[in-house]
Amino acid sequence: MMRFLSKAMTDIRSNRFLNIITIMTIALSILLVSVFILFFENASRVLSAWNHGGRAMVYLSGSFTPAMLPNVKEQLMSMGGIEKMVFIPKTQALERLKKEMGSKIQFLSTLQENPLPDAIEIAMTARSSFEQIQKAADRIEALDIVDTVEYGQGWLGRFLKLFNLFKMIGYAMSGLFLMIALFITANTVRLAFYARQTEVEIMRLVGATDGFIKTPFYVEGLLQGFIGGILGMIILLAGYLTLSSGISKNLDAYVYLDIHFLSWQAVAIILFSSTFLGWFGCFISLKQILK
């Protein structure tokens, strides 16, 4: 086996340009598919966070007084779908704002009165769809004592649209890039075979079997696929580390969300698939050549 591996490495070095093109194509294909999988893993986590109860802020109107709080809570609980409520008076909200802004609070000292409304933070129970979340928020907002309800409707609506759009584009682009990678891998093996055609004919004359002749090419295809997969994963990891922190901060206001990289199982499946892609491209090419 080591002899076949050594022979494959020698062939890769002797056809360096073609092999680099093949490895980069496989890497880009794997990167695209991995981005697709990474998005759906974390998108599923976002939706799961809502299934376990999203948060919403119910901002009360200016006519609200603390004496009305029990009645407001009773009205909210009677609507169903609420697990927990926490009243946040406007004085506490202002203190929280000052703490979050740190040193940038000079303009707050010029305020004659507190401009923030009283609010109730609610933990919502599971909803099967965004439409159900909207309907629940609309029922709460219809109460006379409620001014507005904020549940991240802006980002959540855009997120679901992006989710559906990315699903369609992802399937199409992933299939296209994998076919391109397979085509380039097959043609690289074909060119490598023709470059060694004289050597192959001599091996046949001395009694070498087809299996013995094809094994170095299969090893070469496996190496191309594996190296391409590793390279694609490294690029994906670099992009993930760059972007994940900012995304988590933007979404954490409305859902408890922790953006994760691909699971070890997903990484293993992707690397196996990229390695198989290299082997399968070689298999197709050799099957046509050695008919």
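**Exercise 1. By about how much of a helix are Phe280 and Phe283 separated in helix α9?**

Solution. The model is a predicted one.
Step 1: helix α9 covers residues 264-289, and Phe280 and Phe283 are both in it.
Step 2: the two are 3 residues apart, so about one helical turn separates them.

**Exercise 2. Classify the ring pairs Phe39 with Phe40 and Phe280 with Phe283, and give the exposure of each residue.**

Solution. Step 1: a pair of aromatic rings is described by the distance of the centres and the angle of the planes. The whole structure holds 10 aromatic pairs.
Step 2: for Phe39 and Phe40 the centres are 5.5 Å apart and the planes stand at 90 degrees. Planes over 60 degrees apart count as edge-to-face, and this pair is edge-to-face.
Step 3: for Phe280 and Phe283 the distance between centres is 6.2 Å and the angle is 15 degrees, so the pair is stacked. The cut-off for stacking is under 30 degrees.
Step 4: buried means under 20% relative accessible area. Phe39, at 19%, is buried, and Phe40, at 16%, is buried too. Phe280 has 30% and is partly exposed; Phe283 has 29% and is partly exposed.
Step 5: Phe280 and Phe283 also belong to a cluster linked by ring pairs, together with Tyr218, Phe276 and Trp279.

**Exercise 3. Describe the order of elements in the chain and the range of its contacts.**

Solution. Step 1: the chain has 9 helices and 4 strands. Read from the N terminus, they follow the order α-α-β-α-β-α-β-α-β-α-α-α-α.
Step 2: take the contacts between residues at least 6 apart in sequence; 84% of them join residues at least 24 apart.
Step 3: one separation in space can be read for Ser263 and Glu41, which lie 222 residues apart in sequence, with their C-alpha atoms 8.9 Å apart. Ser263 sits in the loop between α8 (210-251) and α9 and is partly exposed at 28%.

**Exercise 4. Locate the nonpolar cores and state which elements build the largest one.**

Solution. Step 1: of the 291 residues, 40% count as buried. In soluble globular proteins, nonpolar side chains tend to be buried together.
Step 2: the largest nonpolar core has 21 residues, of which Ile120 and Ile122 touch the most other members.
Step 3: two or more residues of this core come from each of β1 (55-60), α3 (69-78), β2 (82-88), β3 (119-124), α5 (130-141) and β4 (146-150). Helix α5 gives the largest share, 4 residues.
Step 4: another core lies apart from this one; it has 16 residues, including Ile30, Leu182, Ile259 and Val267.

**Exercise 5. Which residues make the nonpolar surface patch of about 540 Å², and where does Met173 sit?**

Solution. Step 1: the chain exposes about 16,700 Å², with 65% supplied by carbon and sulfur atoms.
Step 2: the patch is made by Leu165, Met168, Ile169, Met173, Leu176 and Ile180.
Step 3: Met173 is placed in helix α6 (residues 153-195). Patch residues need over 30% relative accessible area; Met173 has 32% and counts as partly exposed.

Methods: Residues numbered from 1 in each chain as written. Predicted model: local features only at pLDDT ≥ 70, side-chain atom pairs only at ≥ 80, totals over all residues. Heavy atoms only, no water. Buried < 20%, exposed > 50% of the residue type's maximum accessible area, 1.4 Å probe, protein only. Contact = heavy atoms within 4.5 Å. Areas by Shrake-Rupley, 256 points an atom, 1.4 Å probe, with all protein chains shown as cover. Phe/Tyr/Trp six-rings, centres within 6.5 Å; stacked < 30°, edge-to-face > 60°. Core = buried A, V, L, I, M, F, W, Y, C linked by side-chain atoms within 4.5 Å. Patch = residues over 30% accessible without salt bridge, like charges linked within 9 Å, V, L, I, M, F, W, Y side chains within 5 Å. Salt bridge = Lys/Arg side-chain N within 4 Å of Asp/Glu carboxyl O.
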